[in-house]
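The exercises below practise reading a protein structure step by step. Try each task before reading its solution.

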Amino acid sequence: MAGITTYTLFIVCIVSTGVITHTQAGSKSCEARMFSEDSVVCECNATHCDSVGKVTLPAVGQFVTFLTSEAGSRLHQEQGQVQRNSTGAAVRITLVPQQKYQHVQGFGGAMTDAAAINILSLSTGAQDQLLRQYFSPEGIEYNTVRVPMASCDFSTRLYTYADTPGDYSLLNFTLAKEDTHMKIPLLQQAQALSPRPLSLLASAWSSPAWMKTNGELMGKGSLKGKPGGKEYKAWAQYYIMFLEEYEKHNISFWALSTGNEPTSGELTNYSFQALGFTPEQQRDWLALDLGPALHSSPYAKTRVIILDDQRLLLPHWAKVVLSDIHAARYVHGIGVHWYWDRYAPADITLGTTHDLYPEYFLFGTEACSGWSSLDRGVRLGSWRRAEDYAHDIIEDLNNHVTGWMDWNLALDLGGGPNWAKNFVDSSIIVDSSRDVFYKQPTFYSMAHFSKFLWEGSQRVGVSVSKHSALETTAFIRPDGSAVLIVLNSFWFGCFVC
């Protein structure tokens, strides 16, 4: 590919791509392992793991590039001299800083029961190494974590925190051992490693079965009664009590969602935990129950994210909920999942929703590879999946999304555990028999965003001199530096200037 030149009046980055086949990754090298896929994974253990290290800005007049490639480069760092008014470039990418868009909230993954089980299956040293890779300044600096409220399919059993039938006052509400013995200690460790407070997002998969029309945690079922009724009010209070119990462990939440994939609970014979809501039911539950309960609690500043489902439901879902002033006053953002994005153009879904309701942020709350029956489970070293991640994140960011969260932080070699046998892939795969973990190519896709796009970074315009297959997005960080991220089918990198 010909050289790429970027130039603006304020920032100039000139990058000439080359084929780099070694696996240097910042301050520590990757122990590359090849399985049956088209790229490598980086193997880590208690004493060694590749790391991009702490990134420092170059001197004025210079730029830094970070390159990840199918050939094996992993955040390979190089530095160069800025050139002004260069000529002969095949493609010129220009930052347009006067075009200002959304600010970044952050990037991260989910601390599911399965993720916690896999992390804790490692030795203490390897556990620490894994958490450092995600959360420390030497790692990729995740700053958001999604936390399921009670069980989901990535659990080993079905449970909620209030399984006593008829307990509308939630007198028997209690966290599970999965919270107190696994997720909470790991979240505390992650927070201790992070230089900044983590933004935690709570999402529930199902209410207790006795509150539901079908009497089960899984399958087609919604809350009994109507919004304003005792089931809806108890379900709202369940959220408050969850926040209270976690606060006892010094863990607070930035946001909560109105429930994971509410449309799944509208499907007959749905195979794992779900709670059905129509947009009208969600609207009225917010207006009559959840919103007032939060507002009158100590957690009134906790953000509320609606939808938490596929973006193809937009803008309709947002119109129903946010056109009602009584519900809209309690809402801050809209959560989207990536699974059907190819059938839902970003400009029609995300773009239109932003144009209609610009005061509400958009946030990618769940994504994983290996979920489709046509391409199921773990693929160690899959480069295509890394490209899929990078493409979707860039597309979302360019359509006003403020952050993007991977699904399970860690899974085993089989893509679990998962009681429903819904095995998928993860950015880190644990092999507890060898006390090692593998950093997948998708880990580095996430890194190109989470490491460099600090919270508060603002997206700016990008102009490309001619049509090309390049996908780009650009941001100005709070420290005044610029980050340009570029993806094509052969090369993926970001530049900090």
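Two strands pair if DSSP finds at least two bridges between them. Helices (H or I, at least four residues) and strands (E, at least two) are DSSP runs, numbered from the N terminus. The model is a predicted one, in which local features need pLDDT of at least 70 and side-chain atom pairs count only at pLDDT 80 or more, while totals for chains, interfaces and linings use all residues. Residues are numbered from 1 along each chain as its sequence is written, and side-chain values use heavy atoms, with hydrogens and water left out.

**Exercise 1. Strands**

Describe how strand S22 pairs with strand S21 and with strand S23.

Solution.

Step 1. Strand S21 covers residues 458-464 and strand S22 covers residues 471-476; the two run antiparallel and are joined by three bridges. Val-460 has Ala-474 in S22 as its bridge partner. Six residues lie between S21 and S22, which form a hairpin.

Step 2. S22 is also joined to strand S23 (residues 482-487), by six bridges, and this pair runs antiparallel. Opposite Glu-471 stands Leu-487 in S23.

Step 3. The hairpin of S22 and S23 has five residues between the strands, and Gly-480 there takes a positive phi near 90°.

**Exercise 2. Disulfides**

Find how many disulfides the whole structure holds, and state the handedness of the link of Cys-30 and Cys-42 and that of Cys-44 and Cys-49.

Solution.

Step 1. A disulfide is a pair of cysteine sulfur atoms within 2.5 Å. A search of the whole structure gives two.

Step 2. Cys-30 is joined to Cys-42, with 2.1 Å from S to S. The angle about this S-S bond is -105°, and the link is left-handed. Cys-30 sits in the loop between strand S4 (28-29) and strand S5 (32-34), and Cys-42 in strand S6 (residues 40-44), so the disulfide ties together parts 12 residues apart in sequence.

Step 3. Cys-44 is joined to Cys-49, with 2.0 Å from S to S. The torsion about the S-S bond of Cys-44 and Cys-49 is about 55°, so this disulfide is right-handed.

Step 4. Next comes accessibility: buried means under 20% relative accessible area, exposed over 50%, and partly exposed in between (1.4 Å probe, protein chains only). Cys-30 counts as buried because its relative accessibility is 7%, and Cys-42 is buried at 0%. Cys-44 and Cys-49 are buried too.

**Exercise 3. Cysteines without a bond**

Why does Cys-152 not bond to Cys-368?

Solution.

Step 1. The closest cysteine sulfur to that of Cys-152 is in Cys-368, 11 Å away, which is too far for a bond. Cys-368 is in no disulfide.

Step 2. Cys-152 is buried, since its relative accessible area is 1%. Cys-368 counts as buried at 2% relative accessibility.

**Exercise 4. A helix and a loop residue**

Is helix H4 largely enclosed by the rest of the structure or largely open, and is Arg-329 buried or exposed?

Solution.

Step 1. Helix H4 (residues 230-247) has 18 residues and reaches 26 Å from its first C-alpha to its last, close to the 26 Å expected at 1.5 Å a residue. The expected span is 1.5 Å times one less than the number of residues.

Step 2. Of the 18 residues of H4, 13 are buried, so the helix is largely enclosed by the rest of the structure.

Step 3. Arg-329 lies in the loop between helix H7 (325-328) and strand S15 (333-337). Its relative accessibility is 55%, so Arg-329 counts as exposed.

**Exercise 5. Pockets and cavities**

Describe the largest pocket and the largest cavity by volume and lining.

Solution.

Step 1. On a 1 Å grid over the protein atoms alone, a cavity is a set of points where a 1.4 Å probe fits but cannot get out; a pocket is an open set with protein on both sides within 12 Å along at least five of seven lines; lining residues have an atom within 4 Å of a point. Grid points are joined across faces, edges and corners, and a volume is the space filled by probe spheres set on the points.

Step 2. The largest pocket holds about 500 Å³ of space. Its lining has 22 residues, with Trp-338, Tyr-339, Arg-342, Trp-371 and Asp-388 nearest the centre. Helix H9 (residues 383-397) gives the largest share of this lining, six residues.

Step 3. The largest cavity has a volume of about 60 Å³. Among the residues that line this cavity are Gly-106, Arg-196 and Trp-454.
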